[in-house]
Structures are given as structure tokens and as C-alpha cells.
Amino acid sequence: MSGLAFDPLLPWPIVAALALLAGLVALWSLWRGLRGWLLRGLAGLAVAAALAGPALESGIRNKLSDIVILLDDRSASQALPGRAAQTDAAVEELTRQLAALPDTEIRRVTLGDDPDGTLAGAALTRALAAEPQGRVAGVIALTDGLVHDAPMVPAAAPAPVHVLLTGQPADWDRRLVIEEAPAYGLIGKPVTIRLRVEDQGAVPPEVAQTPARLRIMLDGEEMRSLDLPPGVTLDLPVVPDHAGQNVVSIGFDAPEGPTPELTDRNNSAAVQIQGVRDRLRVLLVSGAPHAGERTWRNLLKSDANVDLIHFTILRPPDKMDAVPVDEMSLIAFPTQELFLERIKDFDLIIFDRDRVRGILMPLYYENIRRYVEEGGAVLVSAGPEMSTVESLNLSPMGAIIPARPTGRVYDEPFLPRLTEEGQRHPVTAGLPGAPAEGSDSHWGRWLRMSQVIPDPRAQVVMTGANDEPLLILNRVGKGRVALLTSDQVWLWGRGFEGGGPQLELLRRIAHWSMQEPELEEEALLADVTGGLTVTITRRTMDETAGPLRITRPDGGTEDLPLAEAGPGRFTARWTARGPGLYRLADGEISRVLALGPAAPREFEETVASGAVLGPLAEATQGAVLPLSEGVPSLRTVREGRPAHGQGVAGPWIAITPRDAASVSGMTHRPLLPGWAWLALIAGLALAGWLAEGRGRLRRA
């Protein structure tokens with residue numbers, strides 16, 4: 001190839017000014033009637049042209065091959081029946097046809113699995129940006145069209161984009177759609193999950209009229225089942241029954257029809273609802289003012305989520321004095337309202353050095369017992385009164401108190417210590433500053449406690465004087481009872497002899513009584529540390545645990561051994577094979593774990609569609625064609641012409657050759673040598689002068 005180039009000796013503005021000046025001089029000469037005006041003007045223009053440095057450039061033109069981008073979708077949805085074989089056959093046939101075209105290269109882009117779905121838009125954008133736009137002759141995408149990054153799909157392309165869809169015309173699928181689901185819910189209060197069943201594709205008529213039989217399960221336990229027709233939105237009420245994660249799994253079996261649906265992996269879903277308490281309602285009854293009374297009040301009032309009702313009995317019925325009742329400012333104890341009418345409103349009842357002295361009738365104590373058996377919580381902090389005839393053990397409530405007093409009181413200093421059970425129990429295990437075995441470290445001493453005989457079913461987690469039980473925990477029916485046989489815990493808060501973890505211990509006792517999941521003795525905890533990796537902790541009062549039985553979403557099982565990480569704690573790190581709903585079980589303890597969506601994004605929609613990539617194909621005069629009708633033949637057309645059509649042998653698609661080339665071996669040669677420019681300018685100037693001279697002689 002060759003062409004004209006310029007290498008100016010002066011800046012272009014000066015060259016342009018000289019050319020303009022030459023033109024003005026020629027016009028002035030014409031106006032004056034000088035016969036050499038044209039030659040003078042040409043001489044000036046020749047000066048400007050010489051200063052512009054015109055030169056001839058020539059080089060060798062090398063033709064470049066055209067590039068065709070072949071997008072090969074191998075995402076999870078492409079593994080549905082028949083699609084992989086369709087894709088393989090199409091790739092082989094198109095590769096053969098493209099190889100037969102002269103000067104054509106193939107850039108193959110393979111899409112794999114991604115947690116965010118099929119990212120074909122981003123892959124296309126990257127592939128087009130990586131190639132010279134002048135060489136791209138076409139794009140062919142082999143996919144089911146289920147693209148999950150629609151905003152990333154380019155709006156245009158330099159060549160036709162063709163989308164060849166896998167799948168069959170008879171494909172259909174039924175799926176479960178969760179339209180709305182809460183992330184949090186109040187314990188005991190219903191929350192609403194909005195859902196529907198949706199049919200897609202060529203649904204057989206007999207299936208379209210059949211409702212789906214939904215099964216709803218909470219933490220692996222079936223709640224209810226119901227029939228839901230396709231297309232009908234259902235508001236499903238669910239009641240979180242405990243703090244922490246409540247896993248609601250919803251699903252239905254694959255419908256029966258003449259042809260099976262594409263997949264049943266989108267027939268179920270898992271919703272994780274974090275159960276939270278609205279407000280913790282606590283009733284604190286102090287039998288008499290004492291040094292440790294404010295300890296309980298400070299503990300409970302320090303938590304903004306606690307609604308506390310605190311009564312201190314200052315003037316019991318047996319106190320005789322001459323002060324008239326109407327002159328006292330004391331508040332009457334609303335015993336009937338609290339212990340009969342409103343008792344179930346409380347999450348925890350604390351008796352702090354309370355005694356039986358006629359304020360509460362036997363009927364009230366009986367009601368407290370039923371309250372515990374039905375799921376309530378009672379904490380008793382006992383002083384010397386426990387060893388007297390006014391002990392709560394002698395009331396109907398004594399049936400639920402986890403120890404029986406002997407009548408003896410140890411009025412001497414002692415060191416609180418953890419028992420072997422206490423080192424495993426979550427209420428006391430790992431308490432800050434716990435005395436290490438074999439060391440001289442210890443918590444501060446207490447000064448008084450009552451001797452008791454614990455219930456054989458109860459757990460003694462702390463001991464005091466002469467290794468007698470100090471803290472006893474027990475389950476009664478559906479509820480729980482805790483007993484402190486000393487009223488000296490306040491000494492830790494005052495820092496007596498170094499003090500101890502007073503607030504932490506009392507907080508744990510209260511929360512265990514209210515059945516907080518993190519303080520369960522027998523528990524199975526799972527912490528998802530990233531993606532599909534889970535750290536599993538088995539907490540137990542036994543000396544051994546495991547192996548753990550894991551049931552996968554496909555129904556298969558595997559056993560996972562657990563390693564001891566501390567007293568009563570066994571852990572393991574495990575990586576799941578894929579997202580879905582897993583069930584973990586060790587004996588009677590089980591937990592449902594949802595990793596990612598129960599139905600991966602690839603299977604939310606499964607019927608092939610060109611809705612996302614269709615606009616790009618239309619904008620580039622490309623086509624969206626089903627591979628079920630066969631692989632289209634390949635042609636070449638000029639740029640701007642229709643790039644697809646229907647021929648005698650079937651559909652065809654086309655690419656547009658770009659005729660791109662590179663130039664090499666460039667040469668640069670001046671249009672005229674310097675002496676030639678000088679001769680040309682001098683000749684034109686001289687000819688103009690002579691012409692003007694002759695004109696003057698004739699006029700003379």
C-alpha cells in the first residue's frame with residue numbers, strides 16, 4: 001500500500017498563513033490587472049507546499065484473520081438431562097465449520113459453575129474487550145440462556161451475536177418461590193413467609209391442574225402440610241420457638257406426569273429466622289433487705305432488654321408495731337395478680353432470701369410449680385432461712401427445688417470451686433479466673449452457706465464448705481430450676497479477697513434458666529466460617545461424643561469424628577459438598593443446617609430462554625435459535641446484511657469477514673527534492689515577472 005504523508009519544516013499554522021498570504025497577493029494582483037497574478041499566486045503556494053514537506057509512504061499490507069468468539073456454557077443448569085450432549089455436538093460441528101472458513105480463528109470461552117449463577121454477561125464483555133474490534137467477525141453462544149448478570153450483558157457488539165439454546169420444546173419445571181421471608185422473629189410470635197408454586201415451560205395439562213403438596217418443617221420437625229395450587233400466593237405463619245437460628249424448610253415432591261420435570265432441586269427452600277426475645281420479663285422477690293439484695297437488681301437492670309419487677313418485703317404480717325397501716329407508704333404486694341393471673345407473662349422468677357411466712361398462700365406456690373413444669377424458670381438464692389421451718393422447701397414449691405436442706409448452716413469462710421460436672425456445664429465452664437487444676441489460684445471466699453442434700457437427678461456444678469453443694473441446676477418438666485445455697489455471691493462483686501466473676505455467673509444462671517440455646521448442656525452448634533466450611537461443636541456432659549452423622553440434601557449420609565477441645569466440648573471442621581439443607585445428628589441431639597440456598601441459583605429457573613441475550617442478538621442482526629432443531633449451518637455475509645435466515649437445508653447463521661490487515665516495511669520518500677522545489681518556485685516567480693513586463697511594454 002502507498003499514500004501521501006507530510007513532514008512540515010515549520011509549524012502548521014505558519015505554513016497555513018503563508019498559503020493564505022500567497023492567495024491574497026494573487027487576488028490583489030488580479031484586482032490591479034497584473035497579467036502575472038496567477039503565476040505569482042502559484043509561486044507562493046509552492047513555497048507553502050515545500051515547507052509542508054510532502055512525501056510518499058509505501059508499505060506491505062498483511063491480511064489479518066477474522067476472530068469468532070465461541071461461548072461454551074458449562075454451568076450447573078447445563079448438566080440437566082440432554083443439554084451437555086447437545087452442547088458437545090454443537091461445539092464439534094461449529095468448530096468444524098469455522099475451521100473450513102479461510103483466515104478464521106476461534107476464541108473459545110468456557111463458563112463454569114459460580115456461586116452467583118451463570119455470569120455470561122461479564123464473560124462476553126471480557127472476551128470482546130480482549131480482542132481487536134476490527135477483527136471480531138461474530139459471537140456464537142451455546143447456552144440455555146439462563147444468565148444471572150443481565151446488567152453486564154453488552155448493549156452492542158462489532159459483529160453478529162448468535163444465541164443457540166439448549167433444551168427441548170417439551171421441557172417444563174415446577175418450582176417453589178419464596179417471595180418474602182423475615183430474617184428475625186420474636187420468640188412465640190408468628191412471622192409470615194410469603195411463597196408460591198410456579199410452573200414454567202410446556203407443563204402437561206394434567207400436571208397444571210394438580211396442586212403441590214407442601215411439607216413445612218421447623219428445625220427438622222414437621223409442622224404441617226397443605227395443598228397449594230400453582231400461581232397462588234400463600235402467607236405462611238411460622239412461630240420461632242427458641243432463641244437463635246430457627247430453620248424453616250418447605251418443599252414438595254416432584255409432580256407425576258407423562259414427562260418428568262427438569263429437576264426437583266428447586267422444589268424446596270430453607271428460610272433461616274433468627275429468634276429473638278422482645279423483652280425479658282423478670283420478677284424478683286426479696287424476702288428481706290440484705291447486703292446482696294442490690295446485686296440482683298444491678299444485674300437485671302444493666303440489661304436494657306429486661307423488664308424487671310422487684311418487690312422487697314419490708315413489713316411481713318408477723319411484724320407487730322403500733323404504726324397504723326394507713327400511715328405507711330408501703331405498696332401492697334399484688335400476690336393474686338402476679339402469681340395467679342400474670343405468672344405466665346414472666347420469663348424468670350427469682351426468690352432472693354424469701355421464706356414462707358403467710359404472704360403467699362399454698363395455692364400460689366402450687367401455681368409456681370405448675371408454671372415451671374410447663375416451661376417456666378425459677379432461681380432460688382437461699383440464705384440461712386433455708387434451714388429453718390420457713391424454708392421454701394416446706395411449701396408446695398418444694399417439689400421442684402433441686403435440694404433438701406438438712407438444717408445445718410456453715411457460718412465459716414470457704415472457697416467456691418467447680419465440680420467435674422461444673423467444668424463441663426456451660427453455666428460454669430470457662431468462667432473468668434476459674435482456678436486451674438494443680439494451681440494455687442482461687443476466687444475470693446464466701447462466708448456462709450446451707451447444707452443440703454441434692455436431688456439425684458440434679459447437677460451440682462459448684463461446691464463450697466466441706467465440698468457441699470453450692471450451685472445446683474435441675475430440669476423439671478419443660479422448665480428449669482437453679483438453686484444457690486448461699487447468699488454471699490455479692491462478696492465477689494465487692495472484690496473481697498480478689499472477688500470473682502459475680503455478674504457473669506449470675507447472668508449465665510439466669511439465661512440458662514430461660515433456656516437460651518448457647519447455654520444448653522447437650523447442644524450441637526455449627527458456625528459457618530466461609531462458604532461451605534463449617535466448624536461443628538458438640539457440647540455434652542458425657543466424657544465422649546460422636547461420631548456425628550451428617551445427612552446430605554440428596555439423602556446420602558456420612559460420619560464425622562469429633563475431637564475433644566476441652567471438658568464437655570468436642571469439635572470438628574467440615575466442608576460440605578455443595579449448598580443445601582443438611583441434618584446433623586449425634587444420638588438424640590440433632591440440628592438442621594442450611595448452607596447457601598436450598599435450591600442453588602442455577603436451578604431457580606431451568607427452562608431455556610433467550611430473554612436476556614435476545615436483545616443483544618437482535619441489535620447485531622444475530623439470531624436466537626433452539627439447538628433442538630439441529631446445529632445451523634454457517635455462512636459469511638457482508639457487514640450490515642442480515643446474518644441469519646432459513647434455507648432449504650434448515651436455519652443458517654453468518655459471520656461478517658472484517659478484511660483487517662497490518663502494514664509492515666514502510667518507506668518514506670520526499671515528493672520532490674529540495675533543489676526541485678527551489679527551481680519550481682524560482683521558475684514560477686520569473687514567469688510571473690516576465691508576464692507583467694510584457695504587459696507593460698504593450699501598454700506603452
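What follows is a friendly exchange about the pockets, sheets and helix contacts of a predicted model.

Colleague: Shall we begin with the open spaces? What is the volume of the largest pocket?

Modeller: Keep in mind that we are looking at a predicted model. Of the 49 residues lining the largest pocket, Asp241, His242, Ala243, Gln515 and Pro517 are the closest to its centre. The volume of this pocket is about 1,700 Å³.

Colleague: Which strands each supply at least two residues of that lining, and how many of the lining residues are charged?

Modeller: The strands that each give at least two residues are β13 (244-251), β14 (268-276), β15 (280-286), β24 (479-484), β25 (523-530) and β32 (589-595). Sorted by class, the lining of the largest pocket holds 17 nonpolar and 12 polar residues, and its charged residues number 20.

Colleague: Now the second largest pocket, please. Which residues lie nearest its centre?

Modeller: The second largest pocket holds about 850 Å³ of space. Its lining divides into 12 nonpolar, nine polar and eight charged residues. Of the 29 lining residues, those nearest the centre are Ser268, Arg552, Pro553, Asp554 and Leu581.

Colleague: Which element gives the largest share of the lining of the second largest pocket?

Modeller: Two or more residues come from each of β10 (212-218), β13, β14 and β31 (580-586). The largest share is four residues, and the element that gives them is β31.

Colleague: Let's stay with that strand. How many bridges join β31 to β32?

Modeller: β31 and β32 form a hairpin with two residues between them, and Gly587 in the turn has a positive phi of about 65°. Asp586 stands opposite Ile589 in β32. The two strands run antiparallel, and the number of bridges joining them is seven.

Colleague: β31 also pairs with β27. Which residue in β31 is the bridge partner of Arg549?

Modeller: Strand β27 (residues 548-551) pairs with β31 in the antiparallel sense over three bridges. In β31, the bridge partner of Arg549 is Ala585.

Colleague: On to the sheets. In what order do the strands of the five-stranded open sheet run?

Modeller: The edge strands are β8 (184-186) and β11 (221-228), each of which pairs on one side only. Neighbouring strands in this sheet are turned against each other by 30° on average, direction ignored. The pairing is mixed, and the order is β8-β14-β13-β10-β11.

Colleague: Inside that sheet, which residue of β13 stands opposite Leu218?

Modeller: β10 and β13 are paired in the antiparallel sense, over four bridges. Opposite Leu218, in β13, stands Val248.

Colleague: There is also an open sheet of three strands. Which of its strands have one side left without a neighbour in the sheet, and why?

Modeller: The strand order is β7-β9-β12, with antiparallel pairing. A strand at the edge has a single partner, so one side of it is left without a neighbour in the sheet. The strands in that position are β7 (172-180) and β12 (233-238).

Colleague: How many bridges hold the pairing of β7 with β9?

Modeller: One of the partnerships here links Glu180 to Arg194 in β9. β7 and strand β9 (residues 191-201) pair in the antiparallel sense, and the number of bridges is eight.

Colleague: Time for the helices. Are α1 and α2 roughly parallel or antiparallel to each other?

Modeller: The axes of helix α1 (residues 12-32) and helix α2 (residues 37-52) come within 8 Å and cross at roughly 175°. Angles over 145 degrees count as roughly antiparallel. The two helices are therefore roughly antiparallel.

Colleague: How many residues of the α1 and α2 contact are nonpolar?

Modeller: Among the residues making the contact are Trp12, Val15 and Leu18 of α1 and Trp37, Arg40 and Gly41 of α2. By class, three residues of the contact are polar and one is charged, while the nonpolar ones number 12.

Colleague: One last pair: how do α6 and α11 lie, roughly perpendicular or roughly parallel to each other?

Modeller: Thr295, Trp296 and Leu299 in α6 meet Gln502, Leu503, Leu506 and Arg507 in α11. Their classes are four nonpolar, two polar and one charged. The axes of helix α6 (residues 293-301) and helix α11 (residues 502-513) come within 10 Å and cross at roughly 70°. The helices are therefore roughly perpendicular.

Note on methods. Residues numbered from 1 in each chain as written. Predicted model: local features only at pLDDT ≥ 70, side-chain atom pairs only at ≥ 80, totals over all residues. Heavy atoms only, no water. 1 Å grid on protein atoms, 1.4 Å probe; cavity = no way out; pocket = protein on both sides within 12 Å on 5 of 7 lines; lining within 4 Å. Points joined across faces, edges and corners; volume = space filled by probe spheres on them. Nonpolar A, V, L, I, M, F, W, Y, C, P; charged D, E, K, R; others polar. Axes fitted to C-alpha atoms, helices over the stretch in contact; angles between N-to-C directions. Parallel < 35°, antiparallel > 145°, perpendicular 65-115°, else oblique. Contact = heavy atoms within 4.5 Å. Pairing = 2+ DSSP bridges.
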